[in-house]
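Reader: Could you take a close look at the aromatic pairs for me? I'd like to hear how the rings sit against each other and what lies around them.

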Amino acid sequence: MRQLKAIILAAGEGSRMKSKKPKVLHEILNKSMVDYVIETAKGCGAEEVCVVVGHKAEEVKAGIRAEGISFALQAEQKGTGHAVMMAGDFIDESSDMLILYGDTPLITGETLTKLVEVHRTEGHSVTVVSSKIEDPTGYGRIMRDDHGGFERIVEHKDATDTQRMINEINTGIYIFNGRELKESLGKLNNNNAQGEYYLTDCLELILKAGGKVEAVVAKDADEFFGVNSRVQLAEAAKIMKHRINRKHMESGVTLVDPENTYIGSDVKIGMDTVILPGCVLEGNTEIGEDCEIGPNSRLTDTKLGNGVKFQTSTAIESEIGNETTVGPFAYIRPNCHIGNRVKVGDFVEVKNSTIGDGTKIGANVVIGGWTTIGKRCEIYPNASIGLEPQDLKFKGEKSYCNIGDETVIREFVTISRATGEGEETRV
């Protein structure tokens, strides 16, 4: 089978975003638009991905989280055809070449997989995805012959009044035979109103050379929604949120108020977990079964076991064990490891620390960095344990403050460095 490779066009400035940040790095639910597109391309079988960069190229390269990506530079933006030309060394004549855009984050792997299947099964030279929409203003129009076959694409600015009445539009998503793509790029010219090299002209050139070109109509036009402004970014985020939330509900998760629940695309949630309103779950967060999260909680890159109750609190880059309760109004800062059946009370802050199974932490407790607290300890309200990083006296030790198993720490006690070894040690 022929290899599949993907070229993602991401060189534009995106001036309508009114931002210092490159357009394709703007995020939807904590992931950049271009990373969504890269992930989808890989998900449909693209073994290699090349991103064409231009405006703030180095910033775009640095901002992409995906690994193993190739880059090509389009120093001057002279059209989509010119952008693909800049990736000429990446084009493999023996492969199929998928062309995508870095500002269309809603495209799904299912749609691209079907596109690849149709392209290969029917032996096309090029397959383009089209869609029928109510207001096609600004889009290139699909021209068909008397038999309904693909004829050519006319850009909106070059279209006649009659052609602008056509509502079948070019989504900008293509799959090319690599050899025919390379040959047609060598024949492109910029004889048009904008003086640009249009990738769409490659289709007409391939047809004239005897190739087979077809347009496949997609069912869901939302997948090809291009983001060019903050307003459109919010619209895309709403569609993505609905899509992700529906997936979790269909998998056995209860979202009490889906419209006010924000879940990132990489988040995993176990069956029979309940998410209350106002929660933000992002990054590589994993939540077990039978948990209750919220209301108004935030979990970032955090792993929760089964049966956790996490109430109106925040946790970042940490792990929380089975049947533990947290909050309300607790703050679990990065690199915390909280065991099973732990109780983390109201207004507790834990930083870079390990808490053993069965330990109970009362309200208003602060546990500073580099602290280890053993199993079945009891920490009364308003205690303060551990050192802050600016205290360099014990720099280099694995843990600044070690509290042994079954230690009891009374109210308003401050411990900067201690080791409790025996049972029922009382401080």
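Author: Sure, and keep in mind that this is a predicted model. Let's start with Tyr174 and Phe176, both of which are buried. Their ring centres are 5.7 Å apart and the planes meet at 45°, so this pair counts as tilted; for that label the angle has to be neither under 30 degrees nor over 60.

The count of aromatic pairs comes to two, and the other one brings together Phe329 and Phe347. Here the centres lie 5.1 Å apart with the planes at 15°, so the rings are stacked. Phe329 belongs to the loop between β24 and β25, while Phe347 is in the loop between β27 and β28, so the contact ties together parts that are 18 residues apart in sequence. As for burial, Phe329 has 46% relative accessibility and therefore counts as partly exposed.

Back to the strand region around the tilted pair: β10 spans 168-177 and is among the elements covering the buried residues of α6, along with β7, β9, α5 and β11. Those buried residues are Thr200, Cys202, Leu203 and Ile206. Looking down the axis of α6, they fall within an arc of 150°, so they line one face of the helix. After α6 comes Gly210, with a positive phi near 95°.

Aromatic rings also turn up with charges over them. The charged end of Lys5 sits over the ring of Phe90, 4.1 Å from its centre, and that of Lys31 sits over the ring of Tyr36, at 5.1 Å from the centre.

Terms used. Residues numbered from 1 in each chain as written. Predicted model: local features only at pLDDT ≥ 70, side-chain atom pairs only at ≥ 80, totals over all residues. Heavy atoms only, no water. Buried < 20%, exposed > 50% of the residue type's maximum accessible area, 1.4 Å probe, protein only. Helix = DSSP H or I, 4+ residues; strand = E, 2+ residues; numbered from the N terminus. Arc of directions from axis to C-beta. Contact = heavy atoms within 4.5 Å. Phe/Tyr/Trp six-rings, centres within 6.5 Å; stacked < 30°, edge-to-face > 60°. Lys NZ or Arg CZ within 6 Å of the ring centre and 35° of its normal.
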